[in-house]
Amino acid sequence: IKYHQLTRLSLTRQHALSWARAPAACLNFNCMLILLPVCRNLLSFLRGTIQCCSRTAARQLDRNLTFHKLVAYMIAFHTAVHIGAHLFNFEFFMDAQLDRNSSLLPFILSEIGTGDNASFLNPIRTNETSPTIVMFTTIAGLTGVVITLALILIITSSMEVIRRSYFEVFWYTHHLFVIFFIGLVFHGFGRIVRGQTAASLKTNRPDVCADQFEDWGNNGSECAVPEFAGNPPMTWKWVVGPMILYVCERLVRLYRSHQKVVITKVVMHPSKTLELQMKRKGFHMEVGQYVFIQCPSVSRLEWHPFTLTSAPEEDYFSAHIRIVGDWTQALYEACGGDKTEPQEAWKLPKLAIDGPFGTASEDVFRYEVVMLVGAGIGVTPFASILKSVWYKRIQNNQDVFTKKIYFYWLCPETQAFEWFADLLQSLEGQMAEKGVTDFLSYNIYLTRWKETEAAHFRVHHEAENDPITGLKQKTLYGKPNWDNEFTHIASKHPGTKVGVFLCGPPQLGKSLEKQSLSHTEGDVKFIFNKENF
Amino acid sequence: MGKIEWAMWANEQALASGLILLTGGIVGVAGQFRGWPFAAYIISAAGVFVCLLEYPRSKRAKGTSVERTGQYCFTVCVKSFGPLTRNYYVRAFLHAAICVPGGFMLATVLGCVCLGIASLIYLAAAIRGEHWEPVLPQKETTRKTDPVSVRNPPEMPPPRPPPEVRRKRVDDLEGAAYDNPIPVSDK
């Protein structure tokens, strides 16, 4: 036994301090980890270096946000245990001061160091106080309250409901983590956790002297009065590394934000979609990557992710932005979306770009046969892939490893078709021109429609081109029968690895994953990859 | 941050505070801290009350409301108090009043401060004119228009032109179109 815990008679409460220090150790570890998954430039760099060795390892880096959330849950849990244990500790320390009876060990221990205020054990020094007052007057207590409050506010504003609807609240409140880390580092500076000094352990050995506490320091006793000192703060050693990395990350983003980005073209598509074509010196992208866009005139602090819809072979890069919230609406107006006449180039807002950052789409060309499934706006990364496929295969005459692409686009309404339909139409035309019609096979599924539209489809059933998209490939109605699709593909491509790529809702992901697993038999392997943002 | 409904965040914060108050009260009782009978019971009761009040999510003014699991019975209870629960000023002051006793015992101080913050956010929501609306299943108008519906199978065969017209007349697509004899309405 050691003297750094004041025990009460009841056996169950002897270890309250250990119960507090254990989660504290876990918290040190978790707080070190939590900053790492959000250093996206660092991750991008790691991804590039690992990719040559192992593609699976690199793909794990896509799950950085999930990891960040898991570590956050652990921090919340350990904080709860830590606080609970300290509540008990405060009570015991207070009790030790209040039961002023010399025949009790806790009281004797509390009296140590009253004179010089240095070698004491009990952080509560007098009996004329209360745990609440002590909490607010010690460094540890005060920082503890502040960082716990910050943590709670961060957690409540990060709930899915708030995050999806009011991203700004989530983002700004999340910056309370700065206060959290500062408070965390200073939490141990008061050296409130005290232990017996090494020198004192020689003159007062607890296993021998604990029962003889009434004789300490008396002549003839083999036990001197024990001395205690505070433990030095440890947390900074754990978190200083990640904090520096994160500061570097923010500096990189700041540097990137000052690089000049020129908007070369703004296209307003129907169904509230804004296309921005941009150029930046030294920008290099791969298919299906995404960038973070910042518009200082709209908001100085917000960076929002958008998939790149242009192919690497083009001399500009573009993003299709759907107008759904405050920031996108303001961007739309800043680019002159609500005006009817074209804007002068100098009137367009200044933009900053961070990225590009990689996602699973980069793997598309490593498969011989590929199934691309996009739901609604989730089709955007595939726009980049299809364009790139076109450039590679036809114009540059390169020998692409990918031999066949099956493309599925699930759409709830006809309006969403327009800008992507243009792309498909031009692809279709060019493929027909070159005579390579069987390279790309696409299926568009309209999952909801109105009665009037249905009648229109029935009537024009015999028309040459599809009445909605104008494409030769007819639009299909309802949801695809995945079982049939997978079986059909498996039968046409035996002995190959088929990559299945999805950008869409999680339920669709689950069903595709199940189908991939169940149809992976014999020599055909379906490997499922999910995009996530 | 113009469009935010502050009440949504206040609701999350208040629910969390209720849980923290409850936990603090339980720890206080379990640990038999000083003052535990009075404070801990009051705090636990307050915590339970706040949780029950805050569990049902309000219907959003704009956009889809995501309900919490099983919140319907709570919605009915809370709705029955009428203007007391509808108005966010009342909620703000109520939470401010409830949180005060929590400050007297260390175990519940955290819950007290969190609830105080929730009360401030509710005040902001009330000033902006928000109010609590119950999420009732019958009131939800079906935004999804049914596809060629499974529920009401068509009573008449689809309007098709006679066979000679149906033959594919690629050369004269204009002539192949015809007026639908049966009027089609948007249900």
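How far is the sulfur of Cys39(A) from the closest cysteine sulfur, and in which residue does that sulfur lie? Select Cys39(A) and Cys248(A) to find out: the two sulfurs are 8.7 Å apart, too far for a bond. Keep in mind throughout that this is a predicted model.

**Stop 1: the cysteines**

While Cys39(A) is selected, look at its surroundings: with a relative accessible area of 0%, this residue is buried. Now go over to chain B and pick Cys112(B). The closest cysteine sulfur to this one belongs to Cys99(B), at 4.4 Å. That is again too far for a bond, because a disulfide is counted only when the sulfur atoms are within 2.5 Å. Cys112(B) is buried as well, at 14% relative accessible area. Searching the whole structure gives zero disulfides over all chains.

**Stop 2: the largest nonpolar core**

Next, select Leu87(A), Met135(A), Val169(A), Trp9(B), Tyr88(B) and Tyr122(B). Among the 41 residues of the largest nonpolar core, these touch the most other members. To see where the core comes from, color the elements that give it two or more residues: α4 (64–98), α6 (131–137), α7 (139–157) and α8 (160–165) in chain A, along with α1 (6–31), α2 (36–54), α5 (88–99) and α6 (106–127) in chain B. Helix α6(B) supplies the largest share, eleven residues.

Zoom in on Trp9(B) and show its contacts. Leaving aside residues up to four places away in sequence, Trp9(B) touches Leu153(A), Thr156(A), Ser157(A), Ile162(A), Val169(A) and Thr173(A) from chain A, and Ile121(B) from chain B. A second, separate core has 30 residues, including Val389(A), Phe407(A), Phe439(A) and Ile444(A).

**Stop 3: a nonpolar patch on the surface**

Turn on the surface and select Ile139(A), Val178(A), Ile182(A), Phe186(A), Phe189(A), Trp236(A), Val240(A) and Ile244(A). Together they make a nonpolar patch of about 720 Å². Two elements of chain A each give the patch two or more residues: α10 (177–186) and α13 (235–257). Pick out Ile182(A), which lies in α10 of chain A. Its relative accessibility is 45%, so Ile182(A) counts as partly exposed.

**Stop 4: a buried loop residue**

Finish at Val524(A), in the loop between α19 (506–519) and β14 (525–530) of chain A. Is Val524(A) buried or exposed? It is buried, with a relative accessible area of 5%. Display its neighbors, not counting residues up to four places away in sequence: Val524(A) touches Ala490(A), His493(A), Pro494(A), Gly495(A), Thr496(A), Val498(A) and His519(A). For one last distance, draw a line from its C-alpha atom to that of Leu476(A), 48 residues apart along the chain; the separation is 27 Å.

Key. Residues numbered from 1 in each chain as written. Chains lettered and ligands numbered in written order. Predicted model: local features only at pLDDT ≥ 70, side-chain atom pairs only at ≥ 80, totals over all residues. Heavy atoms only, no water. Patch = residues over 30% accessible without salt bridge, like charges linked within 9 Å, V, L, I, M, F, W, Y side chains within 5 Å. Areas by Shrake-Rupley, 256 points an atom, 1.4 Å probe, with all protein chains shown as cover. Salt bridge = Lys/Arg side-chain N within 4 Å of Asp/Glu carboxyl O. Helix = DSSP H or I, 4+ residues; strand = E, 2+ residues; numbered from the N terminus. Buried < 20%, exposed > 50% of the residue type's maximum accessible area, 1.4 Å probe, protein only. Core = buried A, V, L, I, M, F, W, Y, C linked by side-chain atoms within 4.5 Å. Contact = heavy atoms within 4.5 Å.
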